[in-house]
Amino acid sequence: MKKVLLFGFETLPEILTVAGIVQQFGGEAVPVAKEGCGLTLEALAQGKTGRESGVPIGGKMLVFCGLERELDGLLAALRQAGVVCLKAVLTAHNRNWDAVRLYSELMREHQAMLG
């Protein structure tokens with residue numbers, strides 16, 4: 001299961017940019033609608049979709065699933081293409097979180113690093 005979950009990506013050109021890069025590394029880019037933001041990251045990685053009224057996470061975020069070996073090259077290619085957003089890897093620790101919780105944690109860490 002080599003996937004990248006895309007949250008907050010709304011325009012087709014930016015989705016296609018990420019999808020093209022992810023495909024080069026053998027993965028699939030999966031845009032997640034706001035209705036899916038209440039599901040766990042693990043459920044989303046398994047292909048489940050939300051049917052409830054969801055809450056947008058507040059920005060853009062990528063979650064890498066099963067792409068650990070490709071991560072360095074993938075991150076470099078995304079950076080070169082100008083894709084700027086929060087990024088995380090699906091782990092045993094965060095797999096039961098929803099997107100809102102992960103985004104909040106990443107924002108907290110990002111702000112702490114900025115001082």
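The exercises below concern the packing of helices and strands in a predicted model.

**Exercise 1. Helix against helix**

Task: Determine how helix α1 and helix α3 are oriented to each other, and which residues make the contact.

Solution:
- Step 1. Take the two segments, α1 at residues 12-24 and α3 at residues 71-80; their axes lie 10 Å apart and form an angle of about 150 degrees.
- Step 2. Angles over 145 degrees count as roughly antiparallel, so α1 is roughly antiparallel to α3.
- Step 3. The crossing of α1 past α3 is right-handed.
- Step 4. On the α1 side the contact is formed by V18, I21 and V22, and on the α3 side by L74, A77 and L78.
- Step 5. Sorted by class, the contact residues are six nonpolar, no polar and no charged.

**Exercise 2. Strand order and pairing**

Task: Establish the order of the strands in the sheet, name its edge strands, and give the sense in which β1 pairs with β3 and with β2.

Solution:
- Step 1. The sheet is open, has four strands and reads β2-β1-β3-β4, with mixed pairing.
- Step 2. β2 (28-32) and β4 (86-89) each pair on one side only, and these are the edge strands.
- Step 3. β1 (residues 3-7) pairs with β3 (residues 61-65) through five bridges in the antiparallel sense. Within β3, V63 stands opposite L5.
- Step 4. Between β1 and β2 there are also five bridges, here in the parallel sense. F7 has V32 of β2 as its bridge partner.
- Step 5. With direction ignored, neighbouring strands of the sheet are turned against each other by 20 degrees on average.

**Exercise 3. What covers β1**

Task: Decide whether the two faces of β1 are covered or open, and identify helices that touch this strand.

Solution:
- Step 1. Side chains in a regular strand alternate between the two faces of the sheet.
- Step 2. In β1, K3, L5 and F7 belong to one side, while V4 and L6 belong to the other.
- Step 3. Residues on both sides are buried, and both faces are covered; the count for the strand is five of five residues buried.
- Step 4. α1 lies across β1, β2 and β3, and its direction is at about 150 degrees to that of β2.
- Step 5. Helix α4 (residues 99-114) also packs on the sheet, where it touches β1, β3 and β4. The direction of α4 makes about 115 degrees with that of β4.

**Exercise 4. Polar and charged residues in loops**

Task: Classify E70 and N94 as buried or exposed, and list their contacts beyond four places in sequence.

Solution:
- Step 1. E70 sits in the loop between β3 and α3. The cut-off for buried is under 20% relative accessible area; E70 has 16% and is therefore buried.
- Step 2. The contacts of E70 are with K2 and F25.
- Step 3. N94 belongs to the loop between β4 and α4. Its relative accessibility is 6%, so N94 is buried as well.
- Step 4. N94 is in contact with L41, V89 and L102.

**Exercise 5. A contact distant in sequence**

Task: Describe the surroundings of L41 and how far L41 is from N94 in sequence and in space.

Solution:
- Step 1. L41 is part of helix α2 (residues 41-45), and its relative accessibility of 0% makes it buried.
- Step 2. L41 and N94 are separated by 53 residues in sequence, and their C-alpha atoms by 7.5 Å.
- Step 3. Beyond four places in sequence, L41 touches L5, F7, V63, L90, N94, R95, W97, A99 and L102.
- Step 4. Two of these recur from Exercise 2: L5 and V63 stand opposite each other in the pairing of β1 with β3.

Terms used
Residues are numbered from 1 along each chain as its sequence is written. This is a predicted model: local features need pLDDT of at least 70, side-chain atom pairs count only at pLDDT 80 or more; totals for chains, interfaces and linings use all residues. Side-chain values use heavy atoms; hydrogens and water are left out. Axes are lines fitted to C-alpha atoms, for helices over the stretch in contact, and angles run from 0 to 180 degrees between N-to-C directions. Angles under 35 degrees count as roughly parallel, over 145 as roughly antiparallel, 65 to 115 as roughly perpendicular and the rest as oblique. A crossing is left-handed if the near helix is turned anticlockwise from the far one by less than a right angle, and right-handed if clockwise. Contact means heavy atoms within 4.5 Å. Ala, Val, Leu, Ile, Met, Phe, Trp, Tyr, Cys and Pro count as nonpolar, Asp, Glu, Lys and Arg as charged, and the others, Gly among them, as polar. Two strands pair if DSSP finds at least two bridges between them. Buried means under 20% relative accessible area, exposed over 50%, partly exposed in between (1.4 Å probe, protein chains only).
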